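Visitor: Before we begin, could you take me through this structure slowly and set each value against the definition it rests on?

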Amino acid sequence: MASIQTTAGGMPVLILKEGTKENKGKEAQRNNITAAKLISEIVKTSLGPRGMDKMLVDTLGDVTITNDGATILKEIDVQHPAAKMMVEVSKSVDNEVGDGTTSSVVLAGALLEKAEDLLNKDVHPSVIVDGYTAASEQALKLLQKIGIKVDVEDRELLIKIARTSMDSKLVSDDSPILAQTVVDAIKQVAEKNEGSDGLKIDLDNIKVEKKAGGSMRDTALIKGIVLDKEVVHAGMPKRIEGAKIALLNSALEIEKTEMSAEIRINDPQQMQMFLDEENRMLKSMVDKIMAADANVVLCQKGIDDIAQHYLSKVGILAVRRIKESDLFKLAKATGARIVNNIDDLTSKDLGSADVVEERKVETDRWVFIEGCKNPKAVTILVRGGSQRVVDEADRSIHDALMVTKDVVEKPIIVAGGGAPEAYIANELRQWSSSLEGRAQLAVNKFADAIDSIPLALSENAGMDPIDTMAELRAKQNKGMKWTGVNVRSTTVSDMFKQNILEPVVIKEQIIKSATEAACMLLRIDDVIA
Ligand code: ADP
Ligand code: MG
């Protein structure tokens, strides 16, 4: 319906272009809420360790199997603007903290569903928004209150946290090994944060390379870098111990001129001189590498056939066309300095590694730069039965890396399994009694929405939702604040004792992002398309 208004004189005033659709007031709100709820319904059944997986088929017929909320929503092509906002929620949580994407969408959906009850009772959206905002602030304070400070040097504890994040994934059976790999990778690349006493982690320094084949147990942390490239020349050594590595980002080739030049040669001798000169220049490049005493050359650009020949003659292992990002990682791992101009290369620029070796990984040949001394960049080589398995393992490792990074950078944790959510819901209900009428309603609804997390966990585990929630509330009321839903044993129990542990920043981000999205949608009373 285009809005056609008329002036006092009866002239139509056209504000919107013809064909513009406008959805107003309650209808617009209902419409948005329904779309957002639908999205949250989709991912809800995949929440937690007992959640189901989704099989996603794209237009080309490629299949992805996952239960990662952010991945599911990334793959499905949503149209509705409100549904798109829900997808944004999961993306923002993924970017900020890396885990908790499903929870944030479930919570946002629940907040909207509960708000709908109030809208039906003619509570004004602004009142709901204010109530929700206040409740979310209170919830963040409650998280601060129960959060437990931990020691980042405690490797076992970090492993427990990484395991919790992998517990809800396809790869949970192998989580003990994967979690160790993740934690060791993080510890290896952790650096002092300038100006504060905490640690800083740049996940760019952890390279995750995956290859289908073998089993997940073969997944390994490599103290160095794995390049999916071959040694450039068949005559070169395939293994060098005590490697002294030169990193070049210029080509070992004669530069072609930009202009098209023509050289007239009218005498075979001249031709020979020309070729000899080319040879001489390439040889002198290799001489410079030898003078610096390098035995491995890793080059970002090309290496001329003749240069390859000279390198192989003196027993230098070389790899060409390495990605720039990999070259940076190599510098961090081996301690080498990347050299732009071969003339500048000296032995001081070289990095070191115990061994550089070309190895067969399934059908490919990859070069492993391994055994670096205290490397600040490492590689996790992910293996698994099939492509889909390694893909999902890769996603789970991403989550676990992010979660471990979160704790190391801000070492405060809570238990999982819906325990903090149940605690917050309980506390909010008590707190709401101190508020006046309508705000109280909204805060109570917020508490109900937060309860949707333990509720969904128990439903997905096939537990009776009513009995479970009743028992959970009763125990929380007694002050047993770490009581949550143990979906492995399908009981209501102390999740801290079960070693289900999560960084507090994830819980904070879930609440912030979900509340923001829900409030934003509630404030909309006009959709013009
Ligand atoms: P998200 O994308 O939100 O991280 P997940 O599917 O990974 O969704 O599920 C995370 C939820 O599962 C968290 O609330 C976490 O506490 C919970 N969880 C993980 N392991 C267990 C467990 N063994 N028992 C109960 N809950 C668990
Ligand atoms: Mg998770």
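**Contacts, spaces and burial**

Guide: In ligand 1, an oxygen atom sits 2.8 Å from an N or O atom in the side chain of Asp99. The model is a predicted one, in which local features need pLDDT of at least 70 and side-chain atom pairs count only at pLDDT 80 or more, while totals for chains, interfaces and linings use all residues. Residues are numbered from 1 along each chain as its sequence is written, chains are lettered from A and ligands numbered from 1 in the order in which they are written, and side-chain values use heavy atoms, with hydrogens and water left out.

Visitor: What makes the approach of Asp99 to an oxygen atom of ligand 1 a polar contact?

Guide: A polar contact is a pair of N or O atoms within 3.5 Å, with the added conditions within protein that one atom must be able to donate a hydrogen and the other to accept it, and that residues adjacent in sequence count only if both atoms are side-chain atoms. The 2.8 Å of Asp99 therefore meets the distance limit. A backbone N or O atom of Gly48 lies 2.9 Å from an oxygen atom of ligand 1, and a polar backbone atom of Ser46 is 3.4 Å from an oxygen atom of the ligand.

Visitor: Which residues are closest to ligand 1?

Guide: Of the 22 residues that surround ligand 1 (a heavy atom within 4 Å), the closest are Thr102, Ser103, Ser168, Gly417 and Glu502.

Visitor: How do you know which space is a pocket and which is a cavity?

Guide: On a 1 Å grid over the protein atoms alone, a cavity is a set of points where a 1.4 Å probe fits but cannot get out, whereas a pocket is an open set with protein on both sides within 12 Å along at least five of seven lines, and lining residues have an atom within 4 Å of a point. The largest pocket holds about 690 Å³ of space, and among its 39 lining residues Pro49, Thr164, Asp167, Ser168 and Ile500 lie nearest its centre. Helix H6 (155-167) gives the most to this lining, with seven residues. There are three cavities of 30 Å³ or more, and the largest cavity has a volume of about 80 Å³. Its lining includes Ser103, Leu107, Pro420 and Lys507, and the elements that give two or more residues to it are helix H4 (101-120), helix H12 (419-432) and helix H16 (504-523).

Visitor: Why is Gln188 called buried?

Guide: Buried means under 20% relative accessible area, exposed over 50% and partly exposed in between, with a 1.4 Å probe and protein chains only; Gln188, at 12%, therefore counts as buried. Gln188 is found in helix H7, and its side chain reaches the backbone oxygen of Pro375 at 3.0 Å. Thr219, in the loop between strand S9 (206-212) and strand S10 (220-222), is buried too, with a relative accessible area of 6%. The C-alpha atoms of Thr219 and Ile177 are separated by 8.1 Å, although their positions lie 42 residues apart along the chain.

Visitor: Why does Cys299 form no disulfide?

Guide: A disulfide is a pair of cysteine sulfur atoms within 2.5 Å, and the closest cysteine sulfur to that of Cys299, in Cys372, is 19 Å away, so the two are too far apart for a bond. A search of the whole structure finds zero disulfides. Cys299 counts as buried at 0% relative accessibility, and Cys519 counts as buried at 5%.

Note on methods
Grid points are joined across faces, edges and corners, and a volume is the space filled by probe spheres set on the points. Helices (H or I, at least four residues) and strands (E, at least two) are DSSP runs, numbered from the N terminus.
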